[in-house]
Amino acid sequence: MLKGILSVLLVLVTLSSAIGKPEKTTPKKEKRIPQTLSRGWGDQLIWAQTYEEALFWSRSKNKPLMVIFHLEDCPHSQSLKKAFAEDKDIQKLADEDFVILNLVYETTDKHLSPDGQYVPRILFVDPSMTVRADITGRYSNRLYAYEPADMKLLLSNMQRALKFLKTEL
């Protein structure tokens, strides 16, 4: 008798737990683009992870360093990023002749913010670890700022950084 009651009870527990369980559905996973160090500035380029690593690469490869300061949610940074990534000449020069780093935070090196901590801004550092404050954009109130229309100037400044490397170092 006790065995019969336990059997019925076991069957009822099994049925109630099976009925009460929600259907197993796997949530749809949205397709995500893997986050790279490029942050959209040129996925095919090799980017340094930190300022210290970039300085080391710059010295060991004897290449100038280009540091891009930006913010992910800044519309000016977004438009500059798009223009930078789409410019084939800049991408080629950056790939072949520069150590490149993009940062979404400030460094402790105050030489990288000679006229303030605005974004976006692009500075060049030569392998001797000297910030090239003489390579500027076209704006007098933000010396190292570039806009999407300034890609030819940026390319020219990249070439200047290379020329300084050959003539001064």
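This is a short walk through one helix and three strands. Keep in mind that the model is predicted.

**Stop one: helix α4**

Select residues 88–97 to bring up α4. Which residues of this helix are buried? Colour Ile90, Gln91, Leu93 and Ala94, and you have them. Look along the axis next: these four span an arc of only 170°, which means they sit on the same side of α4.

Now spin the view to the face turned away from that buried side. Here you'll find Lys88 and Lys92, both exposed.

Before leaving, go to the start of α4 and show Asp87 and Asp89. A side-chain oxygen of Asp87 comes to within 3.1 Å of the backbone nitrogen of Asp89.

**Stop two: strand β1**

Jump back along the chain and select residues 65–69, which make up β1. How many of its residues are buried? The count is 5 of 5, so to speak a mostly covered strand.

Show the side chains and check each face in turn. Leu65, Val67 and Phe69 lie on one side, Met66 and Ile68 on the other, and all of them are buried.

**Stop three: the neighbours of β1**

Add residues 99–103, strand β2. β2 pairs with β1 in the parallel sense, over 5 bridges. To find your bearings, pick Met66 in β1 and look opposite: that's Ile100 in β2.

Then add residues 121–125, strand β3. β1 and β3 run antiparallel, joined by 5 bridges. For a landmark here, pick Phe69, whose bridge partner in β3 is Arg121.

Note on methods. Residues are numbered from 1 along each chain as its sequence is written. This is a predicted model: local features need pLDDT of at least 70, side-chain atom pairs count only at pLDDT 80 or more; totals for chains, interfaces and linings use all residues. Side-chain values use heavy atoms; hydrogens and water are left out. Buried means under 20% relative accessible area, exposed over 50%, partly exposed in between (1.4 Å probe, protein chains only). Helices (H or I, at least four residues) and strands (E, at least two) are DSSP runs, numbered from the N terminus. The arc is that of the directions from the helix axis to the C-beta atoms. A polar contact is a pair of N or O atoms within 3.5 Å; within protein, one must be able to donate a hydrogen and the other to accept it, and residues adjacent in sequence count only if both atoms are side-chain atoms. Two strands pair if DSSP finds at least two bridges between them.
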